[in-house]
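Hi,

Here is the structure I said I would pass on to you. Have a look at it first, then read my notes underneath.

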Amino acid sequence: MHRAFEATTVVNKLPLTITALATWGDRFIVCATGTQGDNHLLLYHYKQSNDQRRYEADLERTFKKFTAKPVTQVALVMKYNLLFMLADGEVLVVNLEYFQVIERIPKAKGVTCFAVDWQTLRSASPYLRICISAKKKLLFYALKGQSFVTLQPELTFPHTPVSIAWNANALIACMKRDQLFYFRVSLDGQVKELFPIGTIRTEPEMLPLNDDKILVLKDEMQVILDENARPTQSHMTNWSEPPNGISRNCVVVTVVTLTYMSSCCSSQPSIFDSSITKVCGNPGAGPQAAVAVHFGYQGDQVPRQWKAHICG
């Protein structure tokens, strides 16, 4: 079987609890919380070891007490050299060159999640846009010059979105009624109920793909939706256990569960591209037993990605 990815532990036995992770090029950022409640940002640089068979990570810089509360979500926009971070109900915009907070998204308090879009814009003059879930509202902003301005009127819902993702010129939002459901939300406020996240899964997982498609998880099943939130396939791909995380590298989607990592082609999910790799041998080891998984093609044509899986 073709082995599209390799798994390497690069940060182990970190005396901190990892709360978020982001990567670009040959660097990655770890957001972590200490035993005293201090929240730090760690910048690593990774490289191949001397035997060319493994990867190593060197700690380049440590930013102590970077945020007052733990960082719960991050997103990178390399075109603008920006890092978006959600901490203490606020979305912070960080300059990656100086690692300084250059802006706090205005009027956005009590934020539960956000979604950044810089890939699927259809405007003749592309711009960066961000949707923010704050309590029972969706707020929309666009980057104009060096600051963020309101993009359109806010949308209000009877339930608070706990996760959102752009899907062409609409959003897929997960909201809770009697249980968590996926919904399609158009920018004019129309809401279409899709389906529940499942009976086993406790948190939604959504991954935007190319061609205005999006992948969502329902228990151990992955469903690919088109721009109108309609399933694109009659037969869905099922994993042997519910994935804890999903990532995309070009046309390959990779999932991480408590016990393994595996990949499939995003356009034909029934075609698996890599063998199953055991990535965590002790699921009950606790939150500090973190396993960092390196996602990358064997070869240097495709930029590498990283995925963190926190046991427990």
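Below is what I found in it, from the whole chain down to a few single residues.

One thing to keep in mind from the start: this is a predicted model.

**The whole chain**

The protein chain has 26 strands and 0 helices. Of its 312 residues, 53% are buried. I also looked at contacts between residues at least 6 apart in sequence: 41% of these join residues at least 24 apart.

**An enclosed space**

Rolling a probe the size of a water molecule over the atoms shows where empty space is left. For this model, the count is 2 cavities of 30 Å³ or more. I picked the second largest cavity to describe, which holds about 40 Å³ of space. Which elements give two or more residues to its lining? They are β2 (27–33), β3 (39–48) and β4 (55–67). If you want to find the spot on screen, the lining residues include C31, A32 and T33, then N39, H40 and L41, and also F66 and T67. T19, P70, V71 and M85 are in the lining too. By type, the lining has 7 nonpolar residues, 5 polar ones and no charged ones.

**The cysteines**

C31, from that lining, is buried, with a relative accessible area of 3%. How many disulfides does the structure hold? The number is 0. Take C174 as a case: the nearest cysteine sulfur belongs to C113 and is 9.2 Å away, and C174 is in no disulfide. The cut-off for a disulfide is 2.5 Å between the sulfur atoms, so 9.2 Å does not qualify. C174 is buried as well, with a relative accessible area of 0%.

**Three residues to click on**

Start with D117, which sits in strand β9 (residues 111–117). Is D117 buried or exposed? Its relative accessible area is 3%, and buried means under 20%, so D117 counts as buried. Leaving aside neighbours within four places in sequence, D117 is in contact with Y127, L128, R129 and W166. R129 is worth a second look: the side chains of D117 and R129 are joined by a polar contact of 2.7 Å. These two residues are 12 apart in sequence, and their C-alpha atoms are 5.5 Å apart in space.

Next is S133, in strand β10 (residues 129–134). S133 has 0% relative accessibility and is buried. A polar atom of the S133 side chain lies 2.9 Å from the backbone oxygen of P161. Beyond its neighbours within four places in sequence, S133 is in contact with G110, V111, T112, C113, L138, T160, P161 and I164. You may recognise C113 there, as its sulfur is the nearest cysteine sulfur to C174.

Last comes K137, in strand β11 (residues 137–144). With a relative accessible area of 35%, K137 falls between the 20% and 50% cut-offs, so it is called partly exposed. Which side chain makes a polar contact with the side chain of K137? That would be E154, at 3.1 Å. Setting aside neighbours within four places in sequence, K137 is in contact with I132, E154, L155 and T156. T156 is 19 residues from K137 in sequence, yet the two are 4.5 Å apart in space, C-alpha to C-alpha.

That is everything from my side. Happy browsing!

Cheers

Note on methods
Residues are numbered from 1 along each chain as its sequence is written. This is a predicted model: local features need pLDDT of at least 70, side-chain atom pairs count only at pLDDT 80 or more; totals for chains, interfaces and linings use all residues. Side-chain values use heavy atoms; hydrogens and water are left out. On a 1 Å grid over the protein atoms alone, a cavity is a set of points where a 1.4 Å probe fits but cannot get out, and a pocket is an open set with protein on both sides within 12 Å along at least five of seven lines; lining residues have an atom within 4 Å of a point. Grid points are joined across faces, edges and corners, and a volume is the space filled by probe spheres set on the points. Helices (H or I, at least four residues) and strands (E, at least two) are DSSP runs, numbered from the N terminus. Ala, Val, Leu, Ile, Met, Phe, Trp, Tyr, Cys and Pro count as nonpolar, Asp, Glu, Lys and Arg as charged, and the others, Gly among them, as polar. Buried means under 20% relative accessible area, exposed over 50%, partly exposed in between (1.4 Å probe, protein chains only). Contact means heavy atoms within 4.5 Å. A polar contact is a pair of N or O atoms within 3.5 Å; within protein, one must be able to donate a hydrogen and the other to accept it, and residues adjacent in sequence count only if both atoms are side-chain atoms.
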